[in-house]
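Biologist: Could you walk me through this protein, one feature at a time? I am new to reading structures, so please explain each step.

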Amino acid sequence: MAVTPHQPARDAVLAALRTGISRQDPYGPFGGLPTVVRVDRGKEFLCRTVERALGAFAVPVDGLPAYKPYRKGTIESLNGAVEEMLLVSLPGFTHRARPAEAYRPDALEDLLSYPDFVKVLLDWVAWWNTEHHPAGLADGLTPLAAWEADPGPLEDVVEDRLAFFALEDDGRQRKITTKGISWRRRFYIAPWMAGHVGMRVRLRYLPHYDGQIEVFATEEWGRHLGTAYLAQAATLEQRRALSSVREKNARALKADLKAAEKLRRTGIRPRPRPLRLVRGAR
């Protein structure tokens with residue numbers, strides 16, 4: 001999913017596509033390459049954007065006729081559940097049923113900020129997927145349990161290929177420092193950066209998500225170096241992996257310096273030449 005404070009545009013559609021395909025954290029376990037994608041043709045440019053993006057993976061796009069909600073009943077039901085179970089309870093909801101004479105807009109101080117609203121929505125999505133038991137699922141399963149029990153095969157996309165898919169180009173060169181890569185006044189780190197301090201790189205990123213970035217070599221534009229994660233939000237495992245690589249490189253450097261010092265002290269002695277005896281010499 002992609003949440004925007006404006007009408008959906010190309011960037012939001014591409015972000016939703018990428019997060020829908022990737023099964024890596026924080027997007028999984030749902031995902032994988034779809035067999036076919038259906039698009040409501042109410043927005044023609046959205047359909048063309050999806051077709052071009054998924055063409056790289058040979059995924060066909062089925063453009064549905066506009067104003068035919070029954071053609072995508074599952075999505076319409078989910079949209080209705082979001083509104084009836086969550087949005088109606090939030091301050092500022094304008095479709096709440098009230099007598100006309102009793103209508104008073106909610107006070108501004110009671111409204112949620114945009115980041116707070118996104119958090120509430122994402123928390124609700126997590127609840128729906130992992131705790132709620134929709135009536136349409138057999139055996140009273142949660143969506144997550146139904147997904148895990150489904151025997152259908154999954155086709156994952158290699159993350160290196162997704163690094164080129166649906167991402168915005170930063171357009172600037174940056175340098176890897178001992179703190180990581182600085183972007184938008186925050187630092188991003190990754191274990192693979194150890195030993196690359198001073199290297200100049202370029203970035204690609206999802207328009208609506210700043211938790212991670214994809215890093216590419218400047219001198220070989222197109223060579224993907226790896227993913228970097230926001231330092232403040234890095235998991236304990238990611239921090240430990242970075243520390244482990246740094247310690248390993250430090251030990252290797254220390255061993256090299258010790259070997260070089262030993263060689264310097266020993267020096268290179270000239271090999272003694274054998275004596276030659278000449279018969280008849282006095």
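Biologist: Which strands each supply at least two residues of the lining of the largest cavity?

Modeller: Happy to help, and do keep in mind that this is a predicted model. The lining of the largest cavity includes Arg204 and Tyr205 as well as Gln212, Ile213 and Glu214. Strands that each supply at least two lining residues are S7 (200–205) and S8 (212–217).

Biologist: Which strand gives the largest share of that lining?

Modeller: Look at the lining residues Gln212, Ile213 and Glu214. Strand S8 covers 212–217. The largest share, three residues, comes from S8.

Biologist: How many residues of each class line the largest cavity?

Modeller: Among the lining residues are Arg18, Tyr27, Leu167 and Leu206. Arg counts as charged, while Tyr and Leu count as nonpolar. The whole lining divides into five nonpolar, one polar and three charged residues.

Biologist: How much space lies in the largest cavity?

Modeller: A probe the size of a water molecule, rolled over the atoms, shows where empty space is left. With a cut-off of 30 Å³ or more, the count is two cavities. The largest cavity holds about 50 Å³.

Biologist: Now to the helices: how are H3 and H4 oriented to each other?

Modeller: Two packed helices are described by the angle between their axes and the distance between the axes. Helix H3 (residues 73–85) and helix H4 (residues 114–130) have axes 12 Å apart, at an angle of about 120 degrees. Angles from 65 to 115 degrees count as roughly perpendicular and those over 145 as roughly antiparallel. H3 and H4 are therefore oblique.

Biologist: What classes of residue make up the contact of H3 with H4?

Modeller: From H3 come Leu78, Ala81, Val82 and Met85, which meet Leu121, Trp124, Trp127 and Trp128 in H4. The contact divides into no polar, no charged and eight nonpolar residues.

Biologist: Where is the proline with the cis peptide bond found?

Modeller: The peptide bond from Gly28 to Pro29 is cis, with omega near 5 degrees. Pro29 lies in the loop between helix H1 (10–21) and strand S1 (37–40).

Key: Residues numbered from 1 in each chain as written. Predicted model: local features only at pLDDT ≥ 70, side-chain atom pairs only at ≥ 80, totals over all residues. Heavy atoms only, no water. Axes fitted to C-alpha atoms, helices over the stretch in contact; angles between N-to-C directions. Helix = DSSP H or I, 4+ residues; strand = E, 2+ residues; numbered from the N terminus. Parallel < 35°, antiparallel > 145°, perpendicular 65-115°, else oblique. Contact = heavy atoms within 4.5 Å. 1 Å grid on protein atoms, 1.4 Å probe; cavity = no way out; pocket = protein on both sides within 12 Å on 5 of 7 lines; lining within 4 Å. Points joined across faces, edges and corners; volume = space filled by probe spheres on them.
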